[in-house]
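Please open the structure in your viewer and show side chains as sticks. The stops below can be selected one after another.

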Amino acid sequence: GINVRDNSQGEQFMYMAVLVQREIEVIGILRLAVPLEPSLQAARQSFLIMLLVAILIASGVSLFGWVLANNLTRPIQVLTRAAENMEHGDLGVRVKPSGPQELHRLSEAFNSMASKLQSNVNELRAFVANASHELRTPLTVVKLRAEALREGALEDTEVAERFLGEIETEIDRLVRMVNDLLDLSRMEAGLDAGKRVPVNLKSIAYEVYETFKIRAARAEVNLKLEVEPGLPSVMGNEDQMRRVFYNLLENAIKYTPSNGQTEMLLRPGPNPNTVRLLVRDTGPGIPPEHLTHVFERFYRAETNPQRPGVQRGSGLGLAIAKSIVESHGGEMGVSSQVGNGT
């Protein structure tokens with residue numbers, strides 16, 4: 001058997017007794033006595049080592065977890081504060097990309113979104129300011145003429161008729177401007193996309209040419225149309241395509257001097273099933289500093305005087321044309337040289 005007990009000196013021993021037999025005859029008993037203290041001491045040392053290792057591992061894991069959590073939460077906190085600042089009107093706030101790759105990309109996306117939002121807000125403010133300025137002028141004219149009529153101009157038939165004509169002209173201008181604004185807003189919002197069908201731009205070009213031929217003759221402008229054969233039809237909205245031709249040609253004739261020339265050319269585009277429209281004039285040209293702004297709403301290069309007697313436009317024609325072209329997946333550009341036309 002096996003027994004654990006203290007010896008006479010009070011030390012703990014493990015005792016073991018085993019019978020020694022030869023066949024069935026017991027010839028002796030083997031007794032062993034092993035002190036437990038050395039074994040327990042080794043076990044205690046092993047336990048302490050294991051406990052120390054476990055504490056070190058737990059500390060290392062905790063430290064790594066804290067560093068990782070801090071590395072994850074700090075960029076999130078920065079993004080949260082930036083979003084809160086943006087909510088309170090600070091559109092110029094940006095965050096420095098940091099942290100893991102995913103948070104780094106999230107920070108870059110946030111900065112890109114903030115830049116676009118700030119740009120859109122700035123454009124909206126500029127649009128409101130320009131629209132207010134453009135609306136103020138005709139409204140002022142109408143108000144002044146109405147006051148003059150009320151204060152006695154009605155008594156003079158010739159003056160009254162002239163004032164009433166000016167009021168009608170300014171009201172017509174306001175109506176055109178408001179309609180252009182509504183059309184531009186609807187197009188940029190995609191509300192006027194409509195059903196796209198194959199459109200023959202050649203037919204539209206001849207139709208617009210016939211419409212403007214008499215107007216160009218009255219203005220002493222030589223209007224020319226060239227259409228290359230074999231042009232493909234393009235998918236689009238026919239009414240909107242016609243408006244592009246109309247706006248571009250009207251603008252070109254407006255700035256072409258007497259005895260000048262305006263050309264409208266239809267050619268194959270750079271890609272299959274595309275068409276390129278060129279509208280050229282022999283007007284005064286556009287200075288380089290104005291070229292990048294000609295498609296902006298309400299922008300007019302005042303350095304280019306338009307034909308005498310031509311009513312001042314709303315400054316939205318080119319913006320509308322560009323919006324239509326881009327909504328059809330196309331591109332619009334401008335090139336000009338001062339003194340050599342546009």
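## Salt bridges and other stops

The structure holds 15 salt bridges. The model is a predicted one, and the tour takes in some of these pairs before turning to a few single residues.

**Stop 1: R44 and E37.** Select both side chains. R44 pairs with E37 in a salt bridge, with 2.8 Å between the closest N and O atoms. R44 is partly exposed, at 39% relative accessibility. E37 is also listed as partly exposed, with a relative accessible area of 44%.

**Stop 2: R267 and E228.** Here the closest N and O atoms of the salt bridge are 4.0 Å apart. Which parts does the pair tie together? R267 is in strand β7 (residues 261-268), while E228 sits in the loop between β5 (222-227) and β6 (234-236), so the salt bridge joins parts that are 39 residues apart in sequence. R267 has a relative accessible area of 29% and counts as partly exposed. E228 is partly exposed at 37% relative accessibility.

**Stop 3: D239 and R242.** Select helix α5 (residues 238-254), which contains both residues. Their side chains form a salt bridge, at 3.2 Å from N to O. D239 and R242 are three residues apart in the helix, so about one helical turn separates them. D239 is exposed because its relative accessibility, 56%, is over the 50% cut-off. Now add E207 and E238 to the selection: with D239 and R242, they are linked in a network of salt bridges.

**Stop 4: R105 and N259.** Select R105 in helix α2 (residues 101-150). R105 counts as exposed, at 58% relative accessibility. Then draw a C-alpha to C-alpha distance from R105 to N259: it spans 59 Å in space, for a separation of 154 residues in sequence.

**Stop 5: E220.** The next selection concerns the backbone. E220 is not a glycine, yet its phi is positive, near 60°. Look for E220 in the loop between α4 (201-218) and β5. Is E220 exposed or partly exposed? At 46% relative accessibility, E220 counts as partly exposed.

**Stop 6: N273.** Move to the loop between β7 and β8 (275-281), where N273 is found. N273 has a positive phi of about 60° although it is not a glycine. With a relative accessibility of 61%, N273 counts as exposed.

Key: Residues are numbered from 1 along each chain as its sequence is written. This is a predicted model: local features need pLDDT of at least 70, side-chain atom pairs count only at pLDDT 80 or more; totals for chains, interfaces and linings use all residues. Side-chain values use heavy atoms; hydrogens and water are left out. Buried means under 20% relative accessible area, exposed over 50%, partly exposed in between (1.4 Å probe, protein chains only). Helices (H or I, at least four residues) and strands (E, at least two) are DSSP runs, numbered from the N terminus.
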